[in-house]
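Work through the exercises below with the sequence and the model in view. Each task is followed by a solution in steps.

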Amino acid sequence: MKSYRDLVVWQKSMQISVLIYELIIKLPENEKYGLIPQIKRSAISIPSNIAEGYGRNYKKDFSRFLQIARGSLYENQTQLELSLNLGFIEENDLKEIKELSLEIEKMLNSLIKKLDE
């Protein structure tokens with residue numbers, strides 16, 4: 001593997017970040033200082049931590065940054081669920097994001113487990 005860009009989990013994390021950015025347009029204007037920046041930060045944090053951990057070139061560091069990415073994924077899932085519960089978005093808006101999120105979660109868990117062996 002030549003680069004973090006070759007990691008499928010990073011590629012999917014970039015994909016979900018784009019989907020989330022497209023989704024937050026639906027959030028109300030009065031959330032521009034509330035949920036919107038939180039959702040953006042947690043989405044960006046997922047691929048960013050994967051890339052940074054990979055760049056450390058040390059298994060323990062990489063595992064730790066993958067754990068941080070997983071935490072950001074969970075944070076993002078929570079923020080989107082809150083947006084749904086508040087009626088800002090519809091369940092249908094989250095379908096693709098939820099599927100991709102679950103896939104990323106499984107990939108991160110698997111990679112962390114492999115690195116920690």
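From the N terminus on, the elements of the protein chain run α-α-α-α, where helices are DSSP runs of H or I with at least four residues, numbered from the N terminus. This is a predicted model, in which local features need pLDDT of at least 70 and side-chain atom pairs pLDDT 80 or more, while totals for chains, interfaces and linings use all residues. Residues are numbered from 1 along each chain as its sequence is written, and side-chain values use heavy atoms, without hydrogens and water.

**Exercise 1. Compare the radius of gyration of the protein chain with the globule rule.**

Step 1. The rule is 2.2 Å times the number of residues to the power 0.38, and the radius is taken over C-alpha atoms.
Step 2. For 117 residues the rule gives 13 Å; the radius of the chain is 15 Å, close to that, so the chain is as compact as a globular protein of that length.

**Exercise 2. Check the length of helix α1 (residues 8-23) and find what covers its buried residues.**

Step 1. The expected span is 1.5 Å times one less than the number of residues.
Step 2. For the 16 residues of α1 this comes to 22 Å, and the end C-alpha atoms are 22 Å apart, in agreement.
Step 3. Buried residues (under 20% relative accessible area, 1.4 Å probe, protein chains only; exposed is over 50%, partly exposed in between) of α1 include Trp-10, Lys-12, Ile-16 and Leu-23.
Step 4. Their cover includes α2 (35-55), α3 (59-85) and α4.

**Exercise 3. Describe the salt bridges of Lys-12 and Asp-93.**

Step 1. A salt bridge needs a side-chain nitrogen of Lys or Arg within 4 Å of a carboxyl oxygen of Asp or Glu; the structure holds 6.
Step 2. Lys-12 pairs with Glu-103, with the closest N and O atoms 3.0 Å apart.
Step 3. Lys-12 is in helix α1 and Glu-103 in helix α4, so this pair ties together parts 91 residues apart in sequence.
Step 4. Lys-12 is buried at 19% relative accessible area, whereas Glu-103 is partly exposed at 34%.
Step 5. Asp-93 pairs with Lys-26 at 2.7 Å between the closest N and O atoms.
Step 6. Here Asp-93 lies in helix α4 and Lys-26 in the loop between α1 and α2, 67 residues apart.

**Exercise 4. Which side chain of opposite charge is nearest to Glu-105?**

Step 1. Glu-105 is found in helix α4 (residues 91-116).
Step 2. Lys and Arg count as positive, Asp and Glu as negative; His and the chain ends are not counted.
Step 3. The nearest such side chain is Arg-70, 7.3 Å away; Glu-105 is buried yet has no salt bridge.
Step 4. Leaving out residues up to four places away in sequence, Glu-105 touches Leu-73, Tyr-74 and Gln-77, contact meaning heavy atoms within 4.5 Å.

Note on methods
Helices (H or I, at least four residues) and strands (E, at least two) are DSSP runs, numbered from the N terminus.
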